[in-house]
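Work through the following exercises with the sequence and the coordinates side by side, and try each task before reading its solution.

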Amino acid sequence: MLAVEVKNIKKTFQSKQATVEAVKDVSFEVRKGEIFGLLGPNGAGKSTTILMLTTLLQVTGGSAKILGYDVSSQDKLVREKIGVALQDTGIDNLLTARELFFTTARLWGYSKEDSINRTNELLELVGLTEASERRVKTYSGGMKRRLDLGLSLVHSPEVLFLDEPTTGLDPGSRRVLWEEIKRLRDGGVTVILTTQYLEEADELADRIAIIDNGLVVAEGTSDELKASIGGDVITFAFDSDSDLKLALNVITEGVQDKNLIRITVEDGARKIPQYVNQLTEKNIEISSVSASKPTLDDVFLKVTGYRLEGSDNKETNVEKVED
Amino acid sequence: MNTKITFLTQLQILTKRLILRVVRRPLAELPNIFISAFFLFVYDGALGGVFGGSAAGTPFDFANGNFVNFILPVSIVSASVSGGASGIYLVEDIESGVFKRYQSMPISKWAIILAPMLVGALRVLIQASLIMIIGKIIGADPAVGSIGFLMVLSIAFLWGMGFAGYSVAAGVRSGSSQGAQAASFLFFPALFLAPTFVPREALRGWLSTASAYNPTTYVIEAMRAIMVEGWLNDVIFKGYLAAGTFAILTLTFAVLSARKATEKA
Ligand SMILES: Nc1ncnc2c1ncn2[C@@H]1O[C@H](COP(=O)(O)OP(=O)(O)OP(=O)(O)O)[C@@H](O)[C@H]1O
Ligand SMILES: [Mg+2]
């Protein structure tokens with residue numbers, strides 16, 4: 001049985017002001033025990049998808065099953081099986097981590113004694129034992145994320161949904177969380193996580209669906225996706241804008257990205273001289289040129305037509321490429 | 001391992017958690033209790049001399065010689081407005097996302113909604129009792145005997161539940177804790193468009209008319225009957241009726257609003 005089976009799921013928000021098709025048509029399957037990454041820019045529909053799969057939002061169309069249970073008609077059963085850490089962390093700032101774990105364990109039906117034990121286990125697991133008596137208000141962003149993750153694990157869920165678990169964390173804290181998530185996967189938990197970071201999807205997810213504008217535009221393992229591009233990526237860099245413009249006329253299939261032009265070809269390294277000759281013939285000055293295997297970045301560019309910017313930029317993650 | 005827990009256990013756990021939140025913010029309790037106690041002292045200080053013992057034998061002797069008895073209900077009603085915190089508790093959880101987390105767990109939504117109301121009720125009981133104790137210390141002495149304190153407390157409780165329901169509805173509908181907070185200002189006109197300082201017969205013109213339609217009037221009058229006059233059964237009954245009806249109406253309104261809010265979008 002599949003852990004998650006999503007078939008043409010759809011969500012339309014209807015209000016007096018506007019109709020928003022947040023999720024237009026999303027399908028994917030997640031096998032048991034894998035980490036599945038939903039990669040997409042701001043507003044792609046990641047959170048909306050997660051909310052539907054976790055029974056918190058009504059599905060407008062299509063269907064989804066978690067461990068064989070339908071999210072619409074069997075939502076109670078689904079809720080018992082899943083753990084959820086939403087994007088907007090629902091954490092009570094006035095309580096301590098210990099109190100939060102204890103309360104959550106009690107709500108999941110553990111006896112008082114079991115709740116105390118479970119609390120200690122989980123505090124240890126997410127590395128918050130030392131801070132456990134402090135009010136959550138005083139925690140750093142990374143500590144809150146780990147707490148959030150811990151709280152979603154209280155009842156040992158079989159399927160875990162994490163909506164942007166590492167957004168806003170520094171690279172070190174992000175790694176800590178990645179290791180944590182991998183350990184969970186190795187322990188048999190199925191993880192569905194969303195991210196807007198390419199390297200997170202690349203490093204962490206066993207399989208990836210790229211979601212853009214409410215649609216899944218590509219799906220597969222990181223390697224499959226990269227292979228789908230075929231060939232290598234040649235990157236030309238230019239110092240002057242005029243050279244860049246002229247070069248675009250020569251390398252007609254090239255895609256511009258700032259002062260760079262990229263082109264995907266078979267056997268990249270061997271084709272470099274040929275391009276360089278063409279450009280120098282026209283007196284176009286190239287500042288550098290290189291060939292490389294495609295990255296997830298290139299895949300993203302190919303399937304969406306624009307580039308998802310690096311993880312250090314939180315303000316504007318999407319940069320449209322002019323055409 | 002984990003087993004299903006009953007609705008009551010859920011309610012108890014969620015209520016405990018909210019109480020913990022209240023205890024962690026003791027200062028939030030002060031304004032209302034302070035205002036209520038302030039009313040008691042200031043009105044007694046300002047008006048007690050005129051309408052208290054020295055009014056005996058004059059047309060102003062409506063306090064039966066003990067102005068604390070007469071003004072205590074005003075403070076109690078003011079204290080019972082603390083039930084309005086229920087809406088704020090609920091909306092805070094909605095705003096922080098805690099509400100969503102609970103919704104993603106197999107917990108009864110009624111337990112999630114009822115817990116803040118219970119804590120609001122508890123708050124009313126504690127604040128009204130405190131005011132009552134202060135009143136007793138400075139000379140309150142119910143005409144019907146000591147049971148009068150309990151009777152006044154029970155009316156205050158119903159009245160406070162009314163405010164709890166009202167605030168939950170206002171909070172859920174406005175979707176913000178400011179909304180819930182702003183809504184509780186309704187209590188101001190409610191408290192003062194009533195026979196607050198003098199009996200209803202002494203009110204004039206529009207205020208007299210307005211107070212007749214204000215349920216607060218009947219609540220205060222019932223408490224006053226208990227404190228000042230004695231067993232005026234029909235007046236006391238009207239007070240219970242007004243407070244009870246208010247509570248039932250607003251709690252129904254709250255439940256309907258909350259049900260709408262917990263429905264999936
Ligand atoms: N309740 C709502 N009502 C109306 N529109 C909504 C609602 N929730 C989300 N949307 C819209 O749906 C689209 C997808 O939103 P969603 O939150 O799923 O994106 P996301 O991929 O999670 O983005 P982010 O990376 O910023 O979290 C956005 O255009 C958003 O404005
Ligand atoms: Mg999101």
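**Exercise 1.** Work out whether the end-to-end distance of helix 6 of chain B agrees or disagrees with its number of residues, and then examine what lies at its two ends.

*Solution.* The model is a predicted one, and in it helix 6 of chain B runs over residues 109-137, which is 29 residues. The expected span is 1.5 Å times one less than the number of residues, so this helix should span 42 Å, and the 43 Å between its end C-alpha atoms agrees with that value. Turning to the N-terminal end, B:Ser108 acts as the cap of helix 6, with a side-chain oxygen 3.0 Å from the backbone nitrogen of B:Trp110. Just after the helix, B:Gly139 adopts a positive phi of about 115°.

**Exercise 2.** Describe the interface of chain B and chain A, beginning with its extent and ending with the make-up of the chain B side.

*Solution.* Begin with the contacts, in which 27 residues of chain B meet 33 residues of chain A. The area buried between the two chains is about 2,900 Å², and carbon and sulfur atoms give 58% of this area. Next, consider the charged pairs: four salt bridges are found across the interface, and one of them joins B:Arg21 to A:Asp92, whose closest N and O atoms are 2.4 Å apart. Two elements of chain B, helix 1 (7-24) and helix 5 (98-103), each give two or more residues to the side that touches chain A, and helix 1 makes the largest contribution with eight residues. Sorted by class, this side of chain B holds eleven nonpolar, eight polar and eight charged residues.

**Exercise 3.** Identify which of the 14 residues around ligand 1 come nearest, and then find side chains that place a polar atom by one of its oxygen atoms.

*Solution.* Of those 14 residues, the nearest are A:Gly43, A:Lys46, A:Ser47, A:Thr48 and A:Glu164. For A:Lys46, a side-chain N or O atom is 2.8 Å from an oxygen atom of ligand 1, while for A:Thr48 the distance from a polar side-chain atom to a ligand oxygen is 2.5 Å. A polar side-chain atom of A:Gln87 is likewise found 2.9 Å from an oxygen atom of ligand 1.

How values were computed: Residues are numbered from 1 along each chain as its sequence is written. Chains are lettered from A and ligands numbered from 1 in the order in which they are written. This is a predicted model: local features need pLDDT of at least 70, side-chain atom pairs count only at pLDDT 80 or more; totals for chains, interfaces and linings use all residues. Side-chain values use heavy atoms; hydrogens and water are left out. Contact means heavy atoms within 4.5 Å. Buried area is the accessible area (1.4 Å probe) that two parts lose on being put together, summed over both. A salt bridge is a side-chain nitrogen of Lys or Arg within 4 Å of a carboxyl oxygen of Asp or Glu. Helices (H or I, at least four residues) and strands (E, at least two) are DSSP runs, numbered from the N terminus. Ala, Val, Leu, Ile, Met, Phe, Trp, Tyr, Cys and Pro count as nonpolar, Asp, Glu, Lys and Arg as charged, and the others, Gly among them, as polar. A polar contact is a pair of N or O atoms within 3.5 Å; within protein, one must be able to donate a hydrogen and the other to accept it, and residues adjacent in sequence count only if both atoms are side-chain atoms. A residue is near a molecule or strand if one of its heavy atoms lies within 4 Å of it.
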